[in-house]
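Colleague: Could you take me on a close look at the aromatic side chains of this model, and at what sits around their rings? I'd love the cut-offs as you go.

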Amino acid sequence: MAVLITGGAGFIGGNFVLDWLASHDEPVVNVDKLTYAGNLQTLASLQSDPRHIFVQADIGDGERIGTLLRQYQVRAVINFAAESHVDRSISGPGEFIQTNVVGTFRLLEAVRAYWSSLAEAEQAAFRFLHVSTDEVYGSLGACDAAFTEQHRYEPNSPYSASKAASDHLVRAWHHTYGLPVLTTNCSNNYGPYHFPEKLIPLVLLNALAGKPLPIYGDGQQVRDWLYVKDHCSAIRRVLEAGRLGETYNVGGWNEKTNLEVVQTLCDLLDEAQPRADGRSYREQIRFVKDRPGHDRRYAIDARKLERELGWKPQETFESGLKKTVKWYLHNTAWIEGVTSGSYRQWMQTQYQQDE
Ligand code: NAD
Ligand code: DAU
């Protein structure tokens, strides 16, 4: 028996695999296409661990997935694989439709064929957990209540529309075919192994390199931040005890404006690694052109998960951010590995940044 994780060389999937194997002996079959966002260095500590079976493959390759499911007698699939960056979905939406929509469809079909072939007791115990996002709910006004699981779907970017489509497919495969599915919709994650195209690691790396810290628009957009390991513990809990066909919102009640986040990061760096000239990293902040269709505010109401499954985050925003800053200051080899080649090209195109 094993669990099959897709996208396990990415930010959240990688953290999930590391945490899983730190506390379980059950093997993990890790299926990842290794796009620009996939990084085997994240999993370097598992290189000679027989419980970690890495397979470079596309979730859209149904035949390959079917073979793996049978070969390892998989009892649960956790689907992290996706194109995940909103800005990239604006400049090139095609891959988002291909992986997030078509890929999820093909994965569901491969899983359904395998699940249908299982004995009754194994079918009943099987789970397909789909990892999704709060962005499917659209944007909130300043005084609106946080997103509950009942909030209607109003995706605004090609990324969130593709994730919304995948959520609908997962729901339909449960209602139509009886596939035992669970869906989680989480808010913004941060923490170790976060690819530096996303706000928090990008600001940390740019700050240390003496580069501008780009804030889109007025910087007053609000995101609800959760430390990645708390997201992973929520997924483990939903996998273990979630009710079939249900969706669970995951969040840490940490709403912050982007400007607040960037200023806090500057302050933490001022303390941990002061600039040579003694001035604050805040001086590097620059307001730049806004993201087209930029959602104003996300906020997650995670009370269902807390009430039904007893989950609570371990980290506050302050403790999680401190750990994150420390991790980026101490893991220069990982950072060097991800900031070459295609990364530099992206930074140049998106920010007209000289390298
Ligand atoms: P990521 O971009 O860091 O990692 C995605 C991983 O999926 C990469 O390793 C990549 O190689 C792999 N992948 C991409 N296309 C693939 C394909 N066709 N087949 C197999 N593997 C493929 O993303 P992340 O931030 O770790 O997000 C993981 C999941 O969590 C995504 O589904 C995302 O929508 C969701 N999510 C992310 C956040 C967040 O704040 N990062 C919040 C809520 C939900
Ligand atoms: O809410 C969950 C989502 O969070 C996930 O589903 C996505 O996969 C994940 O990428 C993240 O999406 P965001 O668009 O919120 O994350 P990002 O880090 O790209 O941006 C966070 C906020 O910071 C957003 O309001 C845009 C802003 N921003 C981002 C970048 C990269 C800037 O102001 N400047 C920047 O350079």
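Modeller: Happy to; here is a walk through the ring pairs, then the charges over rings, and a helix contact to finish.

Some ground rules come with it: this is a predicted model, in which local features need pLDDT of at least 70 and side-chain atom pairs count only at pLDDT 80 or more, while totals for chains, interfaces and linings use all residues. Residues are numbered from 1 along each chain as its sequence is written, chains are lettered from A and ligands numbered from 1 in the order in which they are written, and side-chain values use heavy atoms, with hydrogens and water left out.

The structure contains 19 aromatic pairs. Rings of Phe, Tyr and Trp (its six-membered ring) pair if their centres lie within 6.5 Å; planes under 30 degrees apart are stacked, over 60 edge-to-face, and the rest tilted. One of the pairs joins tyrosine 193 to tryptophan 334 edge-to-face, with 5.8 Å from centre to centre and 75° between the planes. Tyrosine 193 belongs to the loop between strand E7 (188-190) and helix H7 (199-208), and tryptophan 334 to helix H12 (residues 332-338), so this pair ties together parts 141 residues apart in sequence. Helices (H or I, at least four residues) and strands (E, at least two) are DSSP runs, numbered from the N terminus.

Both partners are buried: tyrosine 193 has 19% relative accessibility and tryptophan 334 has 6%. Here buried means under 20% relative accessible area, exposed over 50%, and partly exposed in between (1.4 Å probe, protein chains only).

Another edge-to-face pair is formed by tryptophan 327 and tyrosine 328, at 4.9 Å centre to centre and 75° between planes. Tryptophan 327 is buried at 14%, and tyrosine 328 is buried at 2%. Elsewhere, Tyr137, Phe147, Tyr153 and Tyr298 make up one aromatic cluster.

Now for the charges. Arginine 88 lies over the face of tyrosine 36, 3.6 Å from the ring centre, and lysine 304 does so over tyrosine 248, at 4.7 Å. To count, NZ of Lys or CZ of Arg must be within 6 Å of the ring centre and within 35 degrees of the ring normal.

One more tyrosine appears in a helix contact: H2 (residues 62-71) meets H4 (residues 94-116) through Gly62, Ile65, Gly66, Leu69 and Arg70 of H2, and Leu107, Ala110, Val111 and Tyr114 of H4. Contact means heavy atoms within 4.5 Å.

Technical notes
Axes are lines fitted to C-alpha atoms, for helices over the stretch in contact, and angles run from 0 to 180 degrees between N-to-C directions.
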